[in-house]
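Biologist: I'm still new to reading structures like this one. Could you pick a single part, take me through it closely, and then show me what surrounds it?

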Amino acid sequence: MPTISVGRDRLYAALGKSYSQEEFEDLCFSFGIELDDVTTEKAIVRKEKHLEDEVGDDDEEVIYKIEVPANRYDLLCLEGLAQALRVFCGFQEIPTYTLADVTKDAILKMHVKKETSQIRPYVVCAVLRGITFDKARYNSFIDLQDKLHQNICRRRTLVAIGTHDLDKLEGPFTYEALPPSSISFIPLKQERCFRADELMEFYKSDLKLKKFLHIIEGSPVFPVLYDHKRTVLSLPPIINGAHSAITLETKNVFIECTATDLTKAKIVLNTMVTTFSEYCENKFVVEPVEVIYSDGESHIYPDLSVYNMEVSLPYLSGLIGVSLKAEEVTKLLNKMQLHANQSASDSKQCSFVVSVPPSRSDILHPCDVMEDVAIAYGFNAIKDKAVIDNKGSKRLASSLTLLSLNEFSDLIRKEVALVGFTEVLTFILCSKKENFALLNRKDDKSKAIIIGNPRSSDFEAVRTSLMPGILKTVAHNKDHPKPIKIFEVGDIAILDDQKDVGAKNCRHLAALYCGANAGFEIIHGLVDRVMEKNGVSFVSPGDISGYYIEQSDEPEFLAGRQARIIYKGNQIGTFGIVHPEVLNNFDIPDPCSLVELNIESFL
Amino acid sequence: MGFEEMQTNNFVESSFWNFDALFQPQQHPARDSHDTFFLETPSTTNKLPEDYVQRVKQVHEAGGYGSRGYAYDWKREEADKNLLRTHTTAVSSRMLYQLAQKPFTPKKYFSIDRVFRNEAVDRTHLAEFHQIEGLVCDRGLTLCDLIGVLHDFFSRMGMTKLKFKPAYNPYTEPSMEIFSYHEGFKKWVEVGNSGMFRPEMLQPMGLPEDVQVIAWGLSLERPTMILYGIDNIRDLFGHKVDLGLMKKNPICRLGIE
């Protein structure tokens with residue numbers, strides 16, 4: 001979930017009301033956001049410099065860090081958040097966003113060249129006229145772009161936003177894709193002119209920008225936006241030009257979003273204009289831009305049309321489980337920024353036409369409208385009803401039907417514990433080394449599931465046996481009084497072509513004895529006991545009616561002190577004295593014996 | 001009728017069952033390599049139910065069943081990518097799909113098993129942990145029913161004071177985070193997540209339109225740590241546990257009046 005930082009006092013000013021922290025937390029809770037942290041700008045700096053002990057001044061501006069739902073892009077800045085909360089609390093009517101009335105000739109135009117289809121095919125634009133920035137608003141405008149880039153734009157791969165001082169540019173604009181060597185401009189925060197290919201080299205050492213270079217690096221053409229006088233607006237998704245940079249004095253903002261995903265570009269543009277058009281001379285009015293593709297296709301952006309969705313009252317009440325009246329539903333929806341009109345089409349069934357504003361891209365289906373009704377009604381008010389009616393519990397029977405493999409595993413666990421072994425629960429992920437080399441095993445690549453993107457060597461492979469986890473547990477408990485008797489019943493996983501995903505789990509039992517001597521007979525005794533409790537009798541070699549053991553030759557065990565367990569003619573496991581080299585590899589000073597067997601064959 | 005345990009012994013899962021079938025868009029951050037363990041071997045899945053895959057593709061791209069969809073190009077290669085399951089809900093999606101292939105009967109399922117996240121590891125987070133999951137699938141279930149079930153479920157673990165916060169989850173709507181009041185800490189603690197599965201998930205499977213699924217999930221480790229006052233998850237789980245302490249632990253009296 002994304003977290004945004006907003007100044008507490010600015011937020012309360014925007015809400016037109018002050019809250020105690022507890023009251024504000026309650027408001028957040030019922031709306032579905034969370035006050036994650038309360039801090040100050042200076043405290044954040046102190047933390048970065050590890051100077052937490054220094055006491056802050058009382059006059060530092062308090063910052064609220066607020067966690068917002070990942071699909072609510074409209075809440076990613078103070079302006080959007082305050083607007084939503086004002087409407088939720090009934091302090092403000094639902095805003096209506098409109099396009100400024102501009103004639104076909106006067107409308108700003110963006111011409112898209114066909115080469116852009118090779119690299120970043122879409123662009124959408126809008127203009128915020130007569131905007132008034134101050135320091136806080138300006139910072140919020142920049143922060144919003146950052147948050148959008150981080151979230152819906154997937155670190156600028158899907159969409160990149162550029163904002164410009166329109167008064168320093170001259171339309172019509174063009175969106176082109178050109179060889180890097182033919183693009184030159186002065187990028188933001190630089191003094192001199194760079195060629196695009198030089199610039200890519202230059203930014204390789206830039207901590208912030210180097211993460212985005214891969215998006216266009218290696219492409220024969222780079223996307224670039226020009227104005228009528230060939231001034232570069234931006235080289236998306238990397239950097240804007242310095243010439244049209246916005247400042248606190250900027251009055252008219254030109255916004256362009258270039259993209260590989262048109263739907264998301266439109267959402268991003270709508271989020272920018274719906275949140276910041278409240279600072280425009282004509283509040284909530286946005287000036288459109290015409291985007292003209294090389295084939296003559298033309299679109300007007302932003303698309304601020306509302307999406308109408310028909311939702312019936314029985315649908316809403318039926319899913320929430322609370323009976324609701326039509327007027328009540330309308331009021332509840334209004335709190336969530338949704339206009340609702342009772343539709344007259346069907347006389348028998350009450351239904352609504354719900355208008356989803358352009359800021360609410362999260363609403364895809366009537367079930368999203370239903371959720372908004374439930375939120376506005378209050379989950380905890382529904383809770384009170386649920387508890388009083390004791391609904392639900394009558395559906396929750398107490399009986400459980402366990403999976404036979406798990407029920408059987410529990411029975412085996414009890415038996416092994418009764419013999420005096422302590423159960424451990426170890427990790428499924430391990431390093432390749434622990435799974436193979438440290439056990440004296442060779443990796444022939446036919447067995448183990450290998451992770452493609454491990455954060456560290458601890459997560460390179462899925463264990464193919466329980467042995468590494470058991471040995472690591474012993475190594476971490478060297479000081480425990482001897483003997484150590486531990487066991488684990490758990491899943492390993494191996495490659496298997498027969499399965500749809502190409503791998504399968506196997507339920508294993510492993511037990512280890514560690515003491516002054518290796519205790520081979522104790523582990524052998526445990527094998528016999530497990531067989532006895534499974535009603536399997538000891539038979540002579542070759543007989544497939546029970547189990548027998550025969551000499552094995554596994555590298556993790558000492559030669560001549562190990563055996564395989566043959567059950568109904570199939571090998572199900574091995575036991576023996578752990579090879580001294582293996583013990584040494586795991587840093588275990590005392591001798592150990594271990595058994596590991598597949599218990600699925602007993603089912 | 002009680003809760004049936006789901007067969008969860010399959011750590012390796014395809015992105016399709018883990019994400020796509022759950023109406024989780026392919027650009028969702030959870031599908032990033034920063035959050036999910038993708039596999040080098042076996043890297044892709046060999047088999048998916050093709051007609052169902054088409055319906056899932058359709059609902060992501062263009063919607064249907066009353067939904068607008070996400071309007072993006074859904075890619076089969078993304079769905080084929082294997083991973084270590086990030087939640088047991090991957091198993092729930094398989095179970096519900098199977099259920100939808102027969103004439104409908106109501107079901108209740110549960111599971112407790114291992115899930116994997118490629119996250120930074122610290123005192124309270126590991127790359128693997130256990131998820132407890134419960135779900136009820138029936139005609140005409142409501143949010144009120146879900147809340148009732150959650151009260152019953154959590155009260156059996158001694159958590160009687162609950163409240164619910166609206167949340168976001170791509171496959172449930174409404175989605176609720178569950179908070180329980182902790183008498184010792186004197187504060188509300190998040191103990192789980194819940195919701196009603198979205199129609200965009202259930203209807204492509206072939207479940208009838210009036211069938212709802214209410215579901216909840218929680219980690220096994222977190223409530224256990226709170227219950228026993230353990231502040232480092234490695235003291236509870238993994239090879240760094242102290243065998244001496246384990247042997248001295250009193251028996252679990254949970255549920256004994």
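Modeller: Sure, let's look at where the chains meet, starting with a term: two strands count as paired if DSSP finds at least two bridges between them. Keep in mind that this is a predicted model.

Now put that term to use. Strand β20 of chain A, residues 400–401, is joined to strand β1 of chain B, residues 3–5, by 2 bridges, and the two strands run parallel. Want to find one of the partners? Look for A:Thr401, whose bridge partner in β1(B) is B:Glu4.

Let's widen the view to the contact between the chains. On one side there are 76 residues of chain A, and they are in contact with 70 residues of chain B. Which element of chain A gives the most to this side? That's helix α11, residues 379–389, with 7 residues. As for what kinds of residue make up the side of chain A that touches chain B, there are 39 nonpolar, 24 polar and 13 charged ones.

Next, zoom in on one residue that takes part, A:Val424. You'll find A:Val424 in the loop of chain A between β21 (422–423) and β22 (429–430). Is A:Val424 buried or exposed? Count its surroundings: 24 other C-beta atoms lie within 10 Å, and the cut-off for buried is 20 or more. A:Val424 therefore counts as buried, even though it sits in a loop. Leave out the neighbours within four places in sequence, and A:Val424 is in contact with A:Ile470, A:Thr473, A:Ile486 and A:Glu488, and also with B:Val241 from the other chain. For a sense of distance, take A:Val289: A:Val424 is 135 residues away from A:Val289 in sequence, and their C-alpha atoms are 65 Å apart in space.

Where does this sit in chain A? The domain assignment splits the chain into domain 1 (3–89), domain 2 (98–301), domain 3 (308–394) and domain 4 (404–602). A:Val289 falls in the range of domain 2, and A:Val424 in that of domain 4. The C-alpha centres of these two domains of chain A, domain 2 and domain 4, are 60 Å apart.

Just before α11 in the sequence comes another helix to check, α10 of chain A, residues 366–377. Its 12 residues reach 16 Å from the first C-alpha to the last, close to the expected 16 Å. How many of its residues are buried? The count is 12 of 12, including A:Pro366, A:Met370 and A:Tyr377. Right after α10(A) comes A:Gly378, with a positive phi near 105°. For another helix of chain A, try α7, residues 262–276: its 15 residues reach 21 Å, close to the 21 Å expected, and 13 of the 15 are buried.

Domain 4 also has a hairpin to spot. Strands β27 (residues 547–551) and β28 (residues 557–567) of chain A run antiparallel and are joined by 5 bridges. The hairpin links β27(A) to β28(A) through 5 residues, and A:Tyr548 has A:Ile566 as its bridge partner in β28(A).

Step back to chain A as a whole, and you have 16 helices and 30 strands. Its radius of gyration is 33 Å, well over the 25 Å that the globule rule gives for 603 residues, so chain A is more spread out than a compact globule. Along the principal axes its C-alpha trace spans about 95 × 70 × 60 Å, and 42% of its residues count as buried.

Now for the partner. Chain B has 8 helices and 10 strands. Its radius of gyration, 19 Å, is close to the 18 Å that the globule rule gives for 257 residues, so chain B is as compact as a globular protein of that length. Its C-alpha atoms fill a box of roughly 55 × 45 × 30 Å, and 45% of its residues are buried.

Finish with a loop residue of chain B, B:Arg31, between α1 (15–18) and β3 (39–41). B:Arg31 counts as buried because 21 C-beta neighbours lie inside 10 Å. Beyond its neighbours within four places in sequence, B:Arg31 is in contact with B:Ser15, B:Phe19, B:Gln26 and B:Thr36. B:Phe19 is 12 residues from B:Arg31 in sequence and 7.9 Å from it, C-alpha to C-alpha.

Definitions and conventions
Residues are numbered from 1 along each chain as its sequence is written. Chains are lettered from A and ligands numbered from 1 in the order in which they are written. This is a predicted model: local features need pLDDT of at least 70, side-chain atom pairs count only at pLDDT 80 or more; totals for chains, interfaces and linings use all residues. Domain bounds come from an automatic or database domain assignment. Helices (H or I, at least four residues) and strands (E, at least two) are DSSP runs, numbered from the N terminus. The expected span of a helix is 1.5 Å times one less than its number of residues. Two residues are in contact if their C-beta atoms, placed from the backbone, lie within 7 Å. Ala, Val, Leu, Ile, Met, Phe, Trp, Tyr, Cys and Pro count as nonpolar, Asp, Glu, Lys and Arg as charged, and the others, Gly among them, as polar. The radius of gyration is taken over C-alpha atoms; the globule rule is 2.2 Å times the number of residues to the power 0.38.
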